[in-house]
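Me: I'm new to this one and would like a close look at a single part: the pockets and whatever sits in them. Could you walk me through that, and through the strands around it?

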Amino acid sequence: EKEHTGDFHIEEAVDWPGINIKLGQVSGLALDPEYNLVIFHRGDHVWDENSFDSRFVYQQRGLGPIEQNTILVTDPSNAAVLHSTGKNLFYLPHGLSIDKDGYYWVTDVALHQVFKLGAHDKAPLLTLGMALQPGNDKNHFCQPTDVAVDPITGTIYVSDGYCNSRIVQFSPNGLFIMQWGEETSSGTPKSGQFLIPHSLALIPDFAQLCVADRENGRIQCFRLETGEFTKEIKHKSFGRELFAVSYVPGGLLFAVNGKSYPGDLEPVQGFVMNFSTGEIIDTFVPVRKNFEMPHDIVASEDKTVYVGDAHARTVWKFVSSEKMEHRSV
Ligand SMILES: O=C(N[C@@H](O)C(=O)O)c1ccccc1
């Protein structure tokens with residue numbers, strides 16, 4: 001039975017044609033200031049069990065950087081690719097976010113770096129981390145997963161990462177300010193502990209940063225200025241893994257969980273939550289094809305939601321069904 005209260009429903013926009021070019025593993029989605037859907041994908045590169053050694057050093061440098069354009073700017077209404085960029089820059093794309101000025105902020109888990117890119121630039125404007133060198137000090141990341149930029153202060157937050165368990169805060173021009181978070185010790189995960197901080201959602205209305213604490217199957221939120229823990233959102237229906245979060249001004253939080261393990265009951269699905277109460281308002285799955293590894297989610301004020309899947313290599317569009325009802329004539 002779908003969990004939802006009130007009359008809020010999200011459904012796949014089945015008339016949306018989808019992206020008409022061959023996508024690689026889709027790792028990141030974001031909306032630019034014109035509400036274009038921007039897609040970060042891996043072209044012909046894949047992240048599999050041979051990609052890294054036991055010390056998280058990337059093993060496939062011989063492939064060279066991805067030759068396809070890894071950043072696609074698409075028209076949200078008809079999925080047409082308006083512009084593409086980002087070739088010969090990345091090895092394993094991961095997170096994508098777009099700041100209020102329209103700059104792209106991306107992470108690459110093979111390079112262990114974070115980049116700021118102009119929408120039409122070939123070379124990064126700012127680079128954080130040392131290429132191909134995993135680490136966990138002020139200028140090394142270990143498979144950093146996402147970036148969020150405070151629209152008011154320009155402060156940069158990096159979720160770091162698969163092989164670290166911290167959030168790192170930088171000044172607008174990339175100087176290390178502070179970090180918080182620690183590895184999850186055994187037993188029940190404590191506040192401020194992470195097991196793959198995987199995706200970030202900055203909540204300007206409440207001056208908080210929410211983190212998809214992936215393998216702990218939960219969302220943790222913190223004060224932007226201090227990193228002080230404010231709350232945890234966790235539901236049985238999340239199952240074991242919570243992959244990505246996205247916030248929409250006005251108070252709705254969107255998320256996607258991980259594929260269910262054999263024998264687990266919780267299906268892979270999207271969630272709509274009330275940020276303030278943490279309650280689930282609705283859940284959703286695609287009609288066409290199935291979620292395999294929904295890897296990022298982005299939502300806009302009009303409750304249009306996009307989900308990108310790193311295994312299905314697909315992007316879906318979902319709309320709130322009130323709109324659907326107006327549509328059926
Ligand atoms: O989680 C993994 N990948 C995804 O997050 C991703 O592709 O970003 C992964 C884990 C082990 C081996 C290979 C891939």
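Reply: Here's a walk through the pockets, then the ligand, then two of the sheets and a couple of backbone oddities. Keep in mind that this is a predicted model.

Let's start with the largest pocket, which holds about 800 Å³ of space. Its lining is made up of 32 residues, and the ones nearest the centre are Leu31, Ile98, Leu202, Tyr247 and Val298. If you'd like to find the pocket by way of the strands, look for strand 2 (26-31), strand 6 (93-98), strand 10 (144-149), strand 16 (197-203), strand 20 and strand 24 (294-299), since each of these gives two or more residues to the lining. Sorted by class, the lining has 22 nonpolar residues, alongside four polar and six charged ones.

The second largest pocket has about 200 Å³ of space. Around it you'll find Gln25, Arg42, Trp47, Tyr162, Ile196, Arg214, Met293, His295, Ala310 and His311. That lining splits into five nonpolar, three polar and two charged residues.

Now for the ligand. The residues around it are Arg42, Trp47, Asp48, His94, Tyr162, Arg214, Met293 and His295. Several of those names should ring a bell: Arg42, Trp47, Tyr162, Arg214, Met293 and His295 also line the second largest pocket. Three side chains are worth zooming in on. Tyr162 has a side-chain N or O atom 2.6 Å from an oxygen atom of the ligand. For Arg42, the distance from a side-chain N or O atom to a ligand oxygen is 2.8 Å. Arg214 also places a polar side-chain atom 2.8 Å from an oxygen atom of the ligand.

Stay by Tyr162 and step back along the chain to Gly161, which lies in the loop between strand 11 (156-160) and strand 12 (166-170). The peptide bond leading from Asp160 into Gly161 is cis, with omega near 10°. Another backbone oddity is at His112, which has a positive phi of about 60° even though it isn't a glycine. As background, most residues other than glycine have a negative phi, and most peptide bonds are trans.

His112 is in the loop between strand 7 (104-108) and strand 8 (113-117), and that brings us to one of the sheets. It is an open sheet of four strands in the order 6-7-8-9, paired antiparallel. Strand 6 and strand 9 (126-128) are the edges: each has a single partner strand, so one side of each has no neighbour in the sheet. From one strand to the next, the twist averages 15°. In the middle, strand 7 and strand 8 are joined antiparallel by five bridges, and one pair to click on is Tyr104 with its bridge partner Leu117 in strand 8. Strand 6 is also one of the strands you met in the lining of the largest pocket.

Strand 20 was on that pocket list too, so let's finish with its sheet. Here four strands form an open sheet in the order 20-21-22-23, with antiparallel pairing. Strand 20 (242-248) and strand 23 (280-284) stand at the edges with a single partner strand each, so each has one side without a neighbour in the sheet. Neighbouring strands here are turned by 20° against each other on average, ignoring direction. Strand 20 runs antiparallel to strand 21 (residues 252-257), and six bridges join the two. To see one of them, look at Ala244, whose bridge partner in strand 21 is Val256.

How values were computed: Residues numbered from 1 in each chain as written. Predicted model: local features only at pLDDT ≥ 70, side-chain atom pairs only at ≥ 80, totals over all residues. Heavy atoms only, no water. Pairing = 2+ DSSP bridges. Axes fitted to C-alpha atoms, helices over the stretch in contact; angles between N-to-C directions. 1 Å grid on protein atoms, 1.4 Å probe; cavity = no way out; pocket = protein on both sides within 12 Å on 5 of 7 lines; lining within 4 Å. Points joined across faces, edges and corners; volume = space filled by probe spheres on them. Nonpolar A, V, L, I, M, F, W, Y, C, P; charged D, E, K, R; others polar. Near = heavy atom within 4 Å. Polar contact = N/O pair within 3.5 Å; in protein donor to acceptor, adjacent residues only side chain to side chain.
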